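Okay, thanks for squeezing me in. I'd like to walk you through a structure and pick out a few places to look at, so let me put it on the screen.

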Amino acid sequence: MRLRFLIAAGSLVVAGVTVWLAEAVVAGQAPSGTTPFKVPASTYAPPKTPWGDPDLQGVWDNHTTVPMQRPANLAGKKTFTDAELAARARSRDDNDPLCNQNDERCAKATVAELDRLNAYNGFWTPQTFVSDSRTALIEDPPDGSIPPLTPEALAIQQAYLRAHPATEPSAAVIEIRHWEDYDLAERCIAAQVPTTTMGYNSAQYLMQSPGWVMLAHERLNTRIIPLDGRPHLGGTMGGWIGDSRGHWEGNTLVVETTSYTNKQSGGSVGAFADAGIRFGNFHVVERFVPVGPNRIQYYVTISDPQTWTRPWTFMQPWEKDRVLSYNDNLGATKAEPYQMYEYACHEGNNAMGNSLRGTLQARQRAASRPADAESTKSLIGKTAADIRAMYGNPVTIAGPRWQYSTANGILQFFAFFENGKVVLVRPDDIRLTEVVPNR
Amino acid sequence: MRTILTAAGLGGLLVLVGAAEAVAHHSFSAEFDINRPIQLTGTVAKVEWINPHAWIHVDVKKPDGTIETWEIETGTPNTLLRRGLRKQDLPAGTEVKVSGYQARDGTAKANGTNVTLPDGRALFIGSTGPDAPTK
Amino acid sequence: MRMPLVALVAVGLVAALQPPVQTQDGRIPRTSWDKKPNLNGIWQALSTANWDLEDHEGGPSPVVVTGVWGARLPGMSVVEGGKIPYKPEALAKRDQNRNNALPGKPGRDLNADPELNCFLPGVPRATYLPHPFQIFQSPNRMWIVYQYSYARREIFMNGKKEAPIDSWMGWSNARWDGDTLVIDVTGFNGRTWFDRAGNFATEGLHVVERYTMIDNDHIVYEATIEDPNVFTRPWKISMPLYRRIEKNVQLLQFRCAEYVEQFFYGELVSPPRN
């Protein structure tokens, strides 16, 4: 039910009549037999702004490790117990593949864990998360899965992934040959709206003024939402983040977003939709339900019968003005409310040019690599004794990984062992003679 | 008062799982080459505190005696800020050891998976350990 | 830091504003919570200061084939006294910027005008870009969101904290001086220009803005600029800001990072495999 606000001429005071709804039924087209999802009611009443709207202003954080979809091995299990949550936190602590050389931790690492191009380590991501005991963000369908794509949308997606293989999440070859092989956020254009968690810099500042709500996402997006009932822009004028209109239903902020561009993009950080999905027909309804002074339950329902066979809803808890406790690398623990800083993404986007140039170079290098028999690739299958005979003892050992230096002193050579034999080498395309024996 | 960035030990690193952006960010394999592991020791020439990634410029003495400046990509400066670190905390001349992977375009750039001081204490590591660092 | 009082002087071609501007209670909207001027709304400058803060004639486009689309617009100086007071060596750098502003070839050039590259404009340039911006004002909070790119500023009301980091848009501490909002901006990263004509500053830049509402639909905007690395003394610009009064007006998307991708990366694309 839409609520209308009277706006007195010449003044910015908004007067309105609000009706408290026991439940809010989410609009959307449901195939027959599907019950529309009901957002649970909340009895919490936040303080009001001077002009009478619920006051939800502040810095909201949504860092979470809860996946969007329920993993297959947890089918039917909606929440973890406290004991299970504690065990999961402990296993995360132990699961660090980024061991330094000669660290006992490396002894437990597998080849796959060591042979990973992690950009950098866990220092850069926050170590605390908004509390949430669920096994998936999706509330509807109840099985916690994104509904199937329609045949048309699947065909469109597959065509997109053929044209931009690097955007496929499990792509074996990550080769950025065109800027569109990167997703929207990596291109520093926008993040998908609605946004789910990004690994870091994931906060949003919710600002209010009479007749408006503004959501400043830490990265890239600023959403401006009028509450005066004006019509949507229509067409694709909303661009990448769509065009939003908001209203209050009791203490819940309801935002409807349409008029997205129909251009496609990659899956993106903080994405709820995978690569190759067109947003042009989306109808998104967000409900910001305050459940406590510093907590919102943020429900998002996405409807597009051209894309998915039924609407679906996910929920993320948001926490306000979190006091984050950091180890500051100087021996102290700091606690301070979250402050958002400028994220000048495009201005510092060296990665795009580096990646494109990298592809040009890599293709040239591949054309001039040495023959397998003369290259380090021929070491695969050799035993530890063979390698020692050729190069002496390794300079360092990290679990299954032996390290030697190369002629230029900076490039390193790794040989990875499983069951006593070399299964992988990095690099695999340099001459055997470039590896420097360690005598 | 100059502070040296240090941390002791590797305790308590968390690896993100799930829908959140994983530490193994897939786009980094487009920019850096897993087939080119590198390790270098040098001195900090400057730090570029820019988003999305801060870059540390490290002067490296090559075997032939010449200096080559390597640009090391790290994470967002906003994280450094939240940890109380400032631009001036990594002064020029600080000796560092870097391990990571070279840029795919073959230039003197790499990602900084591990950045350590010469004595092995690691910069940019998640938590403090029992041996608290000294200035 | 206090700025010395400078009387406005109309000189030659300089477009001056009526000094000093008195507001009358009842003519400007005020907030219900602290009775301060209510700056909420969508505003836009109408000057051509973004081309050149100083006097500038019209002229042909630097890219000939864009015809009149790309032609330079004429405008009168918004600088009090007409000219920006450069130190001699800094003036040479300004002229170098002017030559490099539009390199005219494909690829990202960090010596070009930052606006050409869709980089953040800094302050005060964000105010007089040819785009609207929106002020959000609530008790003890303020944001200014610009239509251009993702430019925005958190304005710390009664803010005292020093800039913890350098940034493109600076760190804004604000207070009320009677009915004038005064925003003290520091922490710039030295990468921004004031206009397309190469006028620039370094990390030493310090800007003090004054927003004075004179009636419901007009704000007088003044900015005092100092940077001892570049200028011999502080100097000041001023211009009116006009409320966008169209029904249902809103900021639209201008995410120009996308618009420069072909420009930056067109020559770096590899052909598709197969």
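Let's begin with chain C, where nine strands close into a barrel in the order S1-S2-S3-S4-S5-S6-S7-S8-S9, and the pairing is mixed. On average, neighbouring strands in this sheet are turned by 30 degrees against each other, if you ignore direction. Before I go further, keep in mind that this is a predicted model.

Quick reminder for anyone who lives in force fields rather than folds: the strands of a sheet pair through backbone hydrogen bonds, and they can do that parallel or antiparallel.

So where does the barrel close? Have a look at S1(C), residues 41–45. On one side, S1(C) runs antiparallel to S2(C), residues 133–138, with three bridges joining the two. If you want a residue to click on, Gly41(C) stands opposite Ile135(C) in S2(C). S1(C) also pairs with S9(C), residues 235–243, again in the antiparallel sense and over three bridges. There, Ala45(C) sits opposite Leu241(C).

Which face of S1(C) is covered? That's the one with Gly41(C), Trp43(C) and Ala45(C). Ile42(C) and Gln44(C) are on the uncovered face.

Now follow S9(C) to its other partner. S8(C), residues 218–226, is joined to S9(C) by eight bridges, and the two run antiparallel. Leu241(C) turns up again here, as the bridge partner of Ile219(C). So Leu241(C) faces Ala45(C) from S1(C) and Ile219(C) from S8(C). Another pair along S8(C) and S9(C) is Thr224(C) with Lys236(C).

On the far side of that, S7(C), residues 206–215, pairs antiparallel with S8(C) over nine bridges. A hairpin of two residues takes you from S7(C) to S8(C). Tyr211(C) has Tyr221(C) as its bridge partner, so that's a tyrosine against a tyrosine.

Why do I call S8(C) largely enclosed? Because seven of its nine residues are buried, the rest of the structure largely encloses it.

One more stop in chain C. Asn158(C) has a positive phi, near 55 degrees, without being a glycine. You'll find Asn158(C) in the loop between S4(C), residues 152–157, and S5(C), residues 171–177. Buried or exposed, do you think, for Asn158(C)? Exposed: there are 9 other C-beta atoms within 10 Å, and the cut-off for exposed is 12 or fewer.

Chain A has a residue along similar lines, Asn419(A), with a positive phi of about 50 degrees although it isn't a glycine. That one is in the loop between S19(A), residues 412–418, and S20(A), residues 421–426. Asn419(A) has 6 C-beta neighbours inside 10 Å, so it counts as exposed too.

Staying in chain A, let's talk about H3(A), residues 151–163. Does the geometry hold up? What you'd expect for 13 residues at 1.5 Å a residue is a span of 18 Å, and the end C-alpha atoms are 19 Å apart, so that agrees. The buried residues of H3(A) are Ala153(A), Gln157(A) and Tyr160(A). They cover an arc of only 60 degrees around the axis, which puts them on the same side of H3(A). An α-helix has 3.6 residues a turn, so residues three or four places apart point the same way. Over on the other side of H3(A), the exposed residues are Pro151(A), Glu152(A), Ala155(A), Ala159(A) and Arg162(A).

If you're setting up omegas, here are two cis peptide bonds in chain A. One goes from Asp140(A) to Pro141(A), with omega near 10 degrees, and Pro141(A) is in the loop between S6(A), residues 138–140, and H3(A). The other joins Val193(A) and Pro194(A), with omega about 5 degrees. Pro194(A) is in the loop between H3(A) and S7(A), residues 204–209.

Last, chain B. What's it made of? Two helices and six strands, and from the N terminus on they go α-β-β-β-α-β-β-β. Chain B has 135 residues, and 54% of them are buried. Of its contacts with a separation of 6 or more, 58% are between residues 24 or more positions apart.

And a proline to finish on: Pro91(B), in the loop between H2(B), residues 77–82, and S4(B), residues 95–103. Pro91(B) counts as partly exposed because it has 15 C-beta neighbours inside 10 Å. Thr116(B) is 25 residues away along the chain, and the C-alpha atoms of Pro91(B) and Thr116(B) are separated by 14 Å.

Methods. Residues are numbered from 1 along each chain as its sequence is written. Chains are lettered from A and ligands numbered from 1 in the order in which they are written. This is a predicted model: local features need pLDDT of at least 70, side-chain atom pairs count only at pLDDT 80 or more; totals for chains, interfaces and linings use all residues. A residue is buried if 20 or more other C-beta atoms lie within 10 Å of its own, exposed if 12 or fewer, and partly exposed in between; C-beta atoms are placed from the backbone. Helices (H or I, at least four residues) and strands (E, at least two) are DSSP runs, numbered from the N terminus. Two strands pair if DSSP finds at least two bridges between them. Axes are lines fitted to C-alpha atoms, for helices over the stretch in contact, and angles run from 0 to 180 degrees between N-to-C directions. The expected span of a helix is 1.5 Å times one less than its number of residues. The arc is that of the directions from the helix axis to the C-beta atoms. Two residues are in contact if their C-beta atoms, placed from the backbone, lie within 7 Å.
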